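Biologist: I would be grateful for a close look at a single part of this protein, set within the chain as a whole. Please begin with the term on which the description rests.

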Amino acid sequence: FDISYLRCIPNMVVMTPSDENETRQLLQTGMLYDGPASVRYPRGTGPGATIEQALTPLEIGKGRRIRDGKNVAILNFGTLLAPALEAAEALGATVADMRFVKPLDEELVLELAEQHDVLVTLEENAVAGGAGSAVTEFLNSRLVSMPVLQLGLPDTFMDHGKHGELLSECGLDAAGIEAAIRDRLEQLSHQNLKVVK
């Protein structure tokens, strides 16, 4: 729930690193920021990213494009980058590692919205009030109307268990992400909305 309750705090920087190396960089970024900052990283171990020895701060509010595709763009917030990339490979989709929920990389969001037919937000947080909500609120403020699929944790308290198993139960592993996107594309095609398969 932390992304949801932190992003409503004025001047708060909310960061969502995708791996242990990015966590180090964003911790440094937050430490140097003149204001409140948070780094959202789940329990457990990282994916085994190469650790850069230098603690280099990242530009606040800037994400990065990881994979270029077409039609669908996955905006990843946090540690689900690996399953996002696996799903994107099967779908031919674009993937962006957003890094920041607040401030949101508005330029990147607009670029992805302009170049794709469907946006998918992905986070390990409750959907209500989370990173996906930030994206849809921003698009609405710019009068950008397009399908946005928000993937995250369901509106329930999660049981204890192994991290990977819990993500799989929530449909946040690669297979679940791919299936959810395919389902949404199918729904949109039935509504005769512009979706290229």
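Modeller: Two residues are said to be in contact when they have heavy atoms within 4.5 Å of each other. The model discussed here is a predicted one, and the part chosen for the close look is Met15. This residue has its place in strand 1, which covers residues 13-15. With its neighbours within four places in sequence left aside, Met15 is in contact with Leu26, Thr29, Gly30, Ala37, Ser38, Val39, Arg40, Arg99 and Phe100. For one of these partners, Gly30, the separation is 15 residues in sequence, while the C-alpha atoms of Met15 and Gly30 are 8.4 Å apart in space. The relative accessible area of Met15 is 1%. A residue counts as buried under 20%, and therefore Met15 is buried.

The setting of this residue is a protein chain with 7 helices and 8 strands. The radius of gyration of the chain is 16 Å, close to the 16 Å that the globule rule gives for 197 residues, so the chain is as compact as a globular protein of that length. Along the principal axes, its C-alpha atoms fill a box of roughly 50 × 40 × 30 Å. Of the 197 residues, 46% are buried. Among contacts with a separation of 6 or more, 73% are accounted for by residues 24 or more positions apart.

In soluble globular proteins, nonpolar side chains tend to be buried together. In this chain, the largest nonpolar core has 23 residues, and those with the most contacts inside it are Leu75, Phe77, Met98, Val109, Leu119 and Leu139. Two or more residues of this core come from each of helix 1 (2-6), strand 4 (72-77), helix 4 (106-115) and helix 5 (131-141). Helix 5 gives the most, with 5 residues. Met98 can be described in the manner used for Met15: apart from neighbours within four places in sequence, Met98 is in contact with Lys62, Gly63, Leu75, Asn76, Phe77, Leu104, Asp105, Leu108 and Val109. Another core lies apart from the largest one; this other core has 22 residues, including Leu80, Val95, Leu122 and Leu185.

Finally, the surface and the charges may be considered. The accessible surface of the chain comes to about 10100 Å², and 51% of that surface belongs to carbon and sulfur atoms. The chain carries 17 positive and 28 negative charges, whose mean positions are 3 Å apart.

Note on methods:
Residues numbered from 1 in each chain as written. Predicted model: local features only at pLDDT ≥ 70, side-chain atom pairs only at ≥ 80, totals over all residues. Heavy atoms only, no water. Helix = DSSP H or I, 4+ residues; strand = E, 2+ residues; numbered from the N terminus. Rg over C-alpha atoms; globule rule 2.2 N^0.38 Å. Buried < 20%, exposed > 50% of the residue type's maximum accessible area, 1.4 Å probe, protein only. Areas by Shrake-Rupley, 256 points an atom, 1.4 Å probe, with all protein chains shown as cover. Lys, Arg positive; Asp, Glu negative; His and termini not counted. Charge placed at Lys NZ, Arg CZ, Asp CG, Glu CD. Core = buried A, V, L, I, M, F, W, Y, C linked by side-chain atoms within 4.5 Å.
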